[in-house]
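Welcome! Below are some short exercises on how two parts of a protein chain meet, each with a worked solution.

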Amino acid sequence: MKIFKSARSRLTFLYVAVLALILAILGILAFVIFTTSIYDQTDRALSEVGTSFETTARRHFEDVQEKKNVSEALSHTAEDVSFKNYKVFVFSQTRKLLWQTRTLEAEPNISNDTAQRWLNEFTSSEEANLDGFSNDREIFRVHYHPFKMGGSSYYLIVIHPLDEQKAYLRQIRNAMLLIVPVALLLTSFGGYFLAQKSFAPIAEMSEKAAHIHSSNLYERLPIENEEDELGRLAKTFNDLLARLNRSFEQQKRFMADASHELRTPVSIVRGEAEVSLTKKDRDVIEYQETIAIMQKESERMSRIIEDLFTLARADSGEFVPTLSSIFVDDILADTVRAFRTLGKKHDVSISNSQNGDMPLEADEFLLRRLFTNLIDNSLKHARSKIKIESSMKDGQYEIRIYDDGPGIPHEKQDHIFERFYRVDKSRSSNSKSLVGSGAGLGLAISKWIAELHNGRLKLSKSDSSGTLFTVYLPTK
Ligand code: ADP
């Protein structure tokens, strides 16, 4: 139903339903207790009428014992005992009606026959007894009271109408039938008002949240009380917004940096093409130079695109490494070999000292890339030597790559693993690089590769005497 779509209506409905159930149970219980106690009182009063009739009759009988006149004793009794609303019949042992209270307006109008019939119902027992009956209009309670006087048995039938009790119970029932719905009505209004008041901050939050989108992710929800549930919800939501904002900003920066990095080689290629197309009568050498520049810039673009693609896959969290059983020492030796010629060309010696086999379940392609990035960086900066050492310590391989370059300025060291971060902002190509001038993505990718293998990449030391990077890879 539409009305139950709102939480406050649902809450109010549940609240009222529970209250209605409780009131109904309490009402029924109270009514049953009232009824029982009223009927108990009536029965006690009936028994008292019987007992006091017997006692008084016996006293009068003893007073007139000389004459042994029962009917005189009974009529004296009638003068002493009040029978308002009680109709009393006295029968002899032979079930002959000896006496009855006179029928006044206020008394129940009960015929002798009715009394006689009840007498017949009860006389099988010598014990006092109680029962109830009704005629067309009224309900009665009847009390049977046998007693002995002067050696003979007498039977008393006392009949009492229950209309007063009925009227009283009816009043209680009517009052309840009025009070309960009124209470429920008031409760539902009160409940709805309270629910509305409690949910108001949520409604406000949801309205505010609905207006938050990519361009105003910096906006925050108001927090009235940080200690209560709503305050905590708003705080959690604000924290989420802050995280979203951060990653959104990161993405934006990433996109801006990526396009910036690509723009340079693209404009170089375009510029070269335009120049060679407009200039007429160029010789082959000139064309070759242009094409060589275009080829280099295209390679640079390819590298940046490949790096971006790797990072995008890394960010998606869905990257599954292609694991195989490899030897880290072999991969390292291969990589060093690839750099030797270039090192020699620039008078940089590359030493690689290894301590036996280093077996590992790893992604061979990615590990090659990790070592290539690090050695390439070292070669770009080394003055005369690069030293690579490997060992195993505390269940992990430690691969240390050291160069005697000028080091990374202290204030920049915290940023070198950031994407697109370069210490030297110029994009001039470096002839000491095997992979070409980078876009500041190499270390970010290397760090990710180490972490993908549950390892770490750390800048262990960097000062004017040189730079040391350490790769940690758990053996299992
Ligand atoms: P790139 O791919 O452009 O080389 P990296 O992410 O690999 O970028 O490196 C980030 C920055 O850290 C670069 O600007 C580089 O100059 C600097 N850097 C990395 N390794 C070394 C090193 N061994 N010595 C000095 N500077 C280094």
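**Exercise 1.** How many residue pairs are in polar contact between domain 2 and domain 3?

*Solution.* This is a predicted model, in which local features need pLDDT of at least 70 and side-chain atom pairs count only at pLDDT 80 or more, while totals for chains, interfaces and linings use all residues. Residues are numbered from 1 along each chain as its sequence is written, and side-chain values use heavy atoms, with hydrogens and water left out.

Start with the bounds: domain 2 covers 212–313 and domain 3 covers 320–474 (from an automatic or database domain assignment). Between them, three residue pairs are in polar contact, both residues at pLDDT 80 or more.

**Exercise 2.** Find the elements of domain 2 that touch domain 3, and describe their residues.

*Solution.* Two elements each give two or more residues to this side: α5 (229–278) and α6 (284–316). Of these, α6 gives the most, with nine residues. Sorting the side by class yields five nonpolar, three polar and seven charged residues.

**Exercise 3.** How many salt bridges link domain 2 and domain 3?

*Solution.* Look for a side-chain nitrogen of Lys or Arg within 4 Å of a carboxyl oxygen of Asp or Glu. The count between the two domains is three. As a salt bridge to look up, take R422 with E261, whose closest N and O atoms are 3.2 Å apart.

**Exercise 4.** What area do domain 2 and domain 3 bury between them?

*Solution.* Take the accessible area (1.4 Å probe) that both parts lose on being put together, summed over both. The result is about 1500 Å², with 56% on carbon and sulfur atoms. In domain 2, R300, R303 and L311 lose the most area to domain 3, together 40% of what that side buries.

Key:
Buried area = accessible area lost by both parts, 1.4 Å probe. Polar contact = N/O pair within 3.5 Å; in protein donor to acceptor, adjacent residues only side chain to side chain. Helix = DSSP H or I, 4+ residues; strand = E, 2+ residues; numbered from the N terminus. Nonpolar A, V, L, I, M, F, W, Y, C, P; charged D, E, K, R; others polar.
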